[in-house]
Amino acid sequence: KKRMVIFASGRGSNAEALHEAVENGTINAEIKALVTDIPGAACIDKAKSWGVPVIVADRKSFDSKQAFEQYILDAIAPYAADVICLAGFMRLLSSDFISHYEHKIINIHPALLPSFRGLHAQGQAVAAGVKIAGCTVHFVVPDMDAGPIILQSAVPVLEDDTEDTLAARILTKEHPTYVRAVQLFCDDKLTIDGNVVRGTQG
Ligand code: GAR
């Protein structure tokens, strides 16, 4: 089994989908810890209810991003993670952090990358008037929302959509798409060839 650590900042519905897939055997992994940067985030109680240790690293209690990241690196080191899943983790990790887990950090973003990187991706899609939106699961590289793409899923954008209604529609695709991508990773099906991830089609 792969050793997984989840990073989350909020509600934790993607974390919950990953947990469920680990529990029912779809994902061949054990969740070793959940890391959050937000004291009081709902994902904390979820992880506790699963019996998973929670590491809270409040950015405000550190003098620098480097100290914040070093704290997390030290806290997760004992778990020797094979995969770190960012599930609504709203901080950009530095290239130094990423270099410790090269090609082992996976993120889900609520847009069809390379369109609409960064915050409020679903609102950006509504504002741009695109007719198709979706989500992307990708390997994390130092450039924000730019790493090799593992899987994407699409949804229609409706004329009366708001950021919230579109976000809700995309979210229903996020959970199965993230589970499938992490399943493929944990089954050692994926290889990275430049920007292209191979082994994603079954
Ligand atoms: C999800 O929509 C995820 O794609 C997004 O935050 C939400 C977290 O929801 N992530 C990003 O925007 C990353 N830049 P959740 O806490 O219920 O999983």
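This report looks at how helix H6 packs against two other helices and at the ligand site.

The model is predicted, so local features need pLDDT of at least 70 and side-chain atom pairs count only at pLDDT 80 or more, while totals for chains, interfaces and linings use all residues. Residues are numbered from 1 along each chain as its sequence is written, and side-chain values use heavy atoms, without hydrogens and water.

Let us start with helix H1 (residues 13–23) and helix H6 (residues 163–186), which pack at about 45 degrees with axes 9 Å apart. H1 and H6 are therefore oblique to each other, a class for angles that are not under 35 degrees, over 145 or from 65 to 115. Their contact (heavy atoms within 4.5 Å) is made by Ser13, Asn14, Ala17, Leu18 and Ala21 of H1 and Leu171, Glu174, His175, Tyr178, Val179 and Val182 of H6.

Helix H5 (residues 121–128) also packs on H6, at an angle of about 115 degrees and with the axes 8 Å apart. Here Gln122, Gly123, Ala125 and Val126 of H5 meet Glu163, Leu166, Ala167 and Ile170 of H6.

Now to the ligand. The residues around the ligand (a heavy atom within 4 Å) include Ser13, Asn14 and Glu174, along with Met90, His109 and Pro110. The table gives polar contacts, pairs of N or O atoms within 3.5 Å.

| Residue | Atom of the residue | Distance to a ligand oxygen atom |
|---|---|---|
| Arg11 | side-chain N or O | 2.6 Å |
| Gly12 | polar backbone atom | 2.7 Å |
| Ser13 | polar side-chain atom | 2.6 Å |

Key: Axes fitted to C-alpha atoms, helices over the stretch in contact; angles between N-to-C directions. Helix = DSSP H or I, 4+ residues; strand = E, 2+ residues; numbered from the N terminus. Polar contact = N/O pair within 3.5 Å; in protein donor to acceptor, adjacent residues only side chain to side chain.
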